[in-house]
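Here is a set of exercises to work through with the model open beside you. Try each task before you read its solution.

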Amino acid sequence: MLDISGTIVGMNVAARRVAEVLRNRGPRTRAELIMLTGLSRPTVGGALSSLAKAGIVVEEPGTPAGGRPAAVFRLTRKAGIAVGVDIGRRHIRVAVADLGHTLLADQAIRLDLDGDDHPHHALDLAAAQVTAVLTAVGASLDEVAGIGLGIPAPLTREGRIGSPELLPAWAELSARDELMKRLDTQGVRVENDANLAALAEHTWGAGKDCDDLVYVKLATGIGAGIVLAGRLYRGSVGTAGELGHVTLDARGPVCRCGNRGCVELVAGGRVLLAQSGARDLDEMATLAAQGDPSCRRLLADAGRYLGIALGGMLNLLNPDRIIVGGFTAVDVLLEPLRLGLAETAMAAAVEAVQVRPGHLGESAGALGGVALALGVDK
Ligand SMILES: [Zn+2]
């Protein structure tokens, strides 16, 4: 595992600080680096010169935004590589970028066994996929500066499953330690998949220009990632954003989490598939797009229930934007979701919030893993 400070051994603290900010924030202008590091102009200038001399930083022309475009400084591939791994129930996706935030690869494989029930199998395949993707881009594990791993369960800050009953087979192990063991490396960070998708959409996607957002992931279960004041909000123990287990009906049926009437029981992928008869959510999306009335009805109802539950979050948090992803047919449920919001949230908050589909599609989780490895949350 590459330590970015290790690659610039012999350089001063200022150079390390500038490199760290470029890793966390992506390409920046000289003025931005001065502001973000709190260092003086000559100190930043000296740091950039020594980083450029070592081949770790390049200067590129900036994009014109009225007036003369300021040059931006970017970490090169020599500075290192960041890896994102997204383990789902039916897929493993691996994305690789350099520390200059340039995406090098993004590849998914299907899981033959249900990832929820077979963690060791999923982790074996994830490790093999990381090695394969690194080889495909001509990189090795020695060049990797960090790995971000996403799994579909609430996680504590220690990387343990917050509600073991939601993913019992995974509750026995530390996904982070298991992946590090398989890759014989350090520097793996683990995070809830919806939190990672929120981080990716906030850094590069539909939430790039806003600081308060809720990302909703509709898949087998329902998760949410919350970004407040530009930072991923994890909560006291790290399990914030469990939208799927917000109670809609306190006297409703018992959920797998042990409580009653959760959102997931009326809007989650499991119940949508059971009621529609579709094989998977992709098939359901296709049927809905073709106008299948029962699929459209089920998705519209799911959207409304999500909106009702999100209305509570709108009242409490008043975000700028709700971004919906994780599912290819989110368009069908956006309007019902807006109507659901209006049923439960304050009019001013409903009027202010923008409801949008995610930009990063099925890559959001793996890209969020890259974002975590880059330290965009720092
Ligand atoms: Zn529940």
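In E8, Gly 148 has Arg 189 as its bridge partner. We will come back to that pair shortly. First, two notes on conventions. Residues are numbered from 1 along each chain as its sequence is written. The model is predicted, so local features need pLDDT of at least 70 and side-chain atom pairs count only at pLDDT 80 or more, while totals for chains, interfaces and linings use all residues. Helices (H or I, at least four residues) and strands (E, at least two) are DSSP runs, numbered from the N terminus.

**Exercise 1. The mixed sheet**

Find the order of the strands in the open sheet of 5 strands, and say which strands are at the edges.

Step 1. Follow the pairing, where two strands pair if DSSP finds at least two bridges between them. The order is E6-E5-E4-E7-E8, and the pairing is mixed.

Step 2. Look for strands that pair on one side only: these are E6 (103-110) and E8 (188-192).

Step 3. Check one pairing in detail. E7 (residues 144-151) and E8 run parallel and are joined by 5 bridges. Besides Gly 148 with Arg 189, the bridges include Leu 149 with Val 190 of E8.

Step 4. Add the helices, using contact (C-beta atoms, placed from the backbone, within 7 Å) and axes (lines fitted to C-alpha atoms, for helices over the stretch in contact, with angles from 0 to 180 degrees between N-to-C directions). Helix H5 (residues 119-136) packs on the sheet and touches E4 (81-87), E5 (91-98) and E6, its direction making about 35° with that of E5. Helix H7 (residues 175-183) touches E7 and E8, and its direction makes about 145° with that of E8.

Step 5. Ask how covered E8 is. A residue is buried if 20 or more other C-beta atoms lie within 10 Å of its own, exposed if 12 or fewer, and partly exposed in between, with C-beta atoms placed from the backbone. In E8, 4 of its 5 residues are buried, so the strand is mostly covered.

**Exercise 2. One residue of H5**

Is Leu 125 buried or exposed, and which residues does it contact beyond its neighbours in sequence?

Step 1. Locate Leu 125: it is found in helix H5.

Step 2. Count neighbours. Leu 125 has 21 other C-beta atoms within 10 Å, so it is buried.

Step 3. Set aside the neighbours within four places in sequence; Leu 125 is then in contact with Ile 92, Ile 109 and Leu 111.

Step 4. For a distance check, take the C-alpha atoms of Leu 125 and Arg 110: these residues are 15 apart along the chain, and the atoms are separated by 10.0 Å.

**Exercise 3. The antiparallel sheet**

Which strands of the open sheet of 3 strands have a single partner?

Step 1. Read the order, E1-E3-E2, with antiparallel pairing.

Step 2. Strand E1 (28-29) and strand E2 (57-60) stand at the edges with a single partner strand each, so one side of each has no neighbour in the sheet.

Step 3. Inspect E2 and E3, which run antiparallel and are joined by 4 bridges. Val 58 stands opposite Arg 74 in E3.

Step 4. Place the helix: H2 lies across E1, E2 and E3, at about 90° to E3.

**Exercise 4. One face of a helix**

Which residues of H11 (residues 281-289) are buried, and why do they line one face?

Step 1. The buried residues are Leu 281, Met 284, Leu 287 and Ala 288.

Step 2. Seen down the axis of H11, they fall within an arc of 115° (taken from the directions from the helix axis to the C-beta atoms), so they line one face of the helix.

Step 3. Find their partners: the buried residues of H11 pack against helix H10 (269-276), helix H12 (293-317) and helix H13 (330-344).

Step 4. Look past the end of the helix, where H11 is followed by Gly 291, with a positive phi near 95°.

**Exercise 5. Positive phi outside glycine**

Where are His 101 and Asn 318, and how does the burial of each come out?

Step 1. His 101 has a positive phi, near 70°, and is in the loop between E5 and E6. It has 21 C-beta neighbours inside 10 Å, so it counts as buried.

Step 2. Asn 318 has a positive phi of about 50°, and is in the loop between H12 and strand E12 (321-325). With 14 C-beta neighbours inside 10 Å, Asn 318 counts as partly exposed.

Technical notes: Two residues are in contact if their C-beta atoms, placed from the backbone, lie within 7 Å.
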